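Reader: I am new to this structure. Please show it, and then explain the terms used for it.

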Amino acid sequence: MANIAAKQSPVKASRLFGDYLIMLIAPCVLSLWYYGGRALWVILLSVVSAVLTDGIVSAVLGKPFKIKDLSNIFIGAAIAVMMPAGVPFYVPVSAAVFAVAAVKVPFGGATRAPFVPAAAGFAFASVCFKEQVFDFAYSAEGKLLGEVSLASLLSQGNSVHLKTSTVFDIITGNVAGPMGTGCGILMLVCCTYLFVRRRKALLATAGFIGACALFALFAPRANASALTSLVLELSSGSLLFAAVFLVTDHATLPKNNINRVIYGAVCGFFCMFMRSVGTYEETVCFAVLLANGLRPVLDSAVRGFNAVTAKRKGAKA
Amino acid sequence: MSERTPSFKDVFIKGAVIYNPVLIQLVGLCPVVAASTTLKGAVMLSAAMCAELIVTCVIASALLKKIPRWIRVALYLLIGLALICPALWYIETQTLVNLSLGMKIYLPLIAINSVTAVHCEQVAVKNNVKLAFYDAAAVSIGASAVFILVGILRELLGSSSLGGIHLDLPIAFKGMLLPFGCLVILGFLAAGLKAFLAWAYPETENESDPVERQRKTPSAEENVTEVELFDEFWNVSEEPEEVSMDVSIPEPEPEKEKKPEDIRLETAADIDEFFKSLGIDLNEKGDKR
């Protein structure tokens, strides 16, 4: 799988992750806006841990340490903004260390890793520190539902009726949850930037959000209208953040346009399915990792389908 | 001609380190992933595996060589179960009740693990009892070392304790108690072992890696399977060598007569040799006239 990832077109890592970091400014500012200095500390510690881990592991393995490729900074910051602001500092630090030491470096860097390092880091934190990662009690005064996150609300299957004011709170991220990923408007802005810079990557995003939307419309978890279910599902947790930042990861994204849409759709299906039947509030990182693992299978399946179609067309002609 | 039986040291280095069953051959992963969450569990698993593997391999080497293969494999499992079940019954009724209960189904499953089947079939039935014992002991030690190391790491990281004694570590990674944690640890250990092998035994680098071996052999005919590689390591062939019972001394082959065109007179020694063959000695004193 690493070989397949390595066959991606050569791209300058600093340029790629520079774009992501520019987009990531918005969630970081949002975190600081809602949670203040605490959010800054979480982000800083996570980034420093990722950079230091890469430096140490590279020194041990005798590989050159490239701080200028910016991937470590992106990994650290992405993990941090998916965490709640009140998380103990060792949680983002552990997640960043795991992402770099176990996922990024062993496979030859962030542009070659067969799994998205940030998703792997967050998944590691979710498994190891479940209570801390899904505890949104910090600075919950004034939030729409207090300490209760949207994902938690949906998992309980309560009756929900949305008013205009509550919808505004939801799409601006004024709900308990991950500190930088809840604002749908900011994610749309990031999507616009991505459209300008790497528009083909958005095919995966479209497939992902489309699959999630369909799932939310036809299999709502809350006792609510289909539209309410759609708004709540898309706004809860880090779903939109993952659609923009994790699903579009260069190393794991298929090259073919159709494959990208299918890859995104598979990822979205896994995410919503695990939300429905799983025990974790936030499943998008697990879904991304599963889709990463299935990517070579998807690629070969689409190639086989294309070959069969071409053969039939040739036979008819 | 029978080859010299390798020493235990040779077999140990190859069986436990270079071809470590868990980290290099990736067999026997189920018990280590499922049951080695604590040091006690890992020790128990190692003891069961050592006893079962050594006894089964020795019995296979001594008694099962002439039995058809399709029956042999089932017999390995039966022998393993015959050993493990009474031992489990004894443990559960007499001594370590909690420990064996904590390991649930995974301890009886050690009787049918792939390490036993692989080593009985690939080594034990194709070699003498001594070599089968050496191999089983080496493999058991190699696997047990990994079991115990993984058990220590998982208990330390996942439960902040060691051997049941709480150590009050500041952070406990609960994920390490899950199979995912074990696989991550095994991945790092395998990488460490490969690095050690590259440093300590550079001549064996990529020898134990079937993928690398297949990369080196471009043609399809030269590609070898993992089983063939393993056979190559143990110098065993699928068909046993036929030993000739003829003890008569073979007659020496008659020397070929040299034809005139074979004789070359290029040096002085060649000329002397040629004349000597004709009965003329050019160095005789009588030649001095």
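Author: What follows covers a helix pair, one residue and one further helix. This is a predicted model, in which local features need pLDDT of at least 70, side-chain atom pairs count only at pLDDT 80 or more, and totals for chains, interfaces and linings use all residues. Residues are numbered from 1 along each chain as its sequence is written, while chains are lettered from A and ligands numbered from 1 in the order in which they are written.

Reader: Why are helix 3 and helix 8 of chain B called roughly antiparallel?

Author: The axes of helix 3 (residues 39-63) and helix 8 (residues 129-159) of chain B cross at roughly 165 degrees and come within 8 Å. Angles over 145 degrees count as roughly antiparallel (under 35 is roughly parallel, 65 to 115 roughly perpendicular, the rest oblique). The two helices of chain B are therefore roughly antiparallel to each other.

Reader: What makes B:Ile71 count as exposed?

Author: B:Ile71, in helix 4 (residues 69-94) of chain B, has 9 C-beta neighbours inside 10 Å. A residue is exposed with 12 or fewer other C-beta atoms within 10 Å of its own, buried with 20 or more, and partly exposed in between, with C-beta atoms placed from the backbone. B:Ile71 therefore counts as exposed.

Reader: Which span is expected for helix 11 (residues 202-218) of chain A?

Author: The expected span is 1.5 Å times one less than the number of residues. Helix 11 of chain A has 17 residues, and its 24 Å from first C-alpha to last is close to the expected 24 Å. Among its buried residues are A:Phe208 and A:Cys212.

Terms used: Axes fitted to C-alpha atoms, helices over the stretch in contact; angles between N-to-C directions. Helix = DSSP H or I, 4+ residues; strand = E, 2+ residues; numbered from the N terminus.
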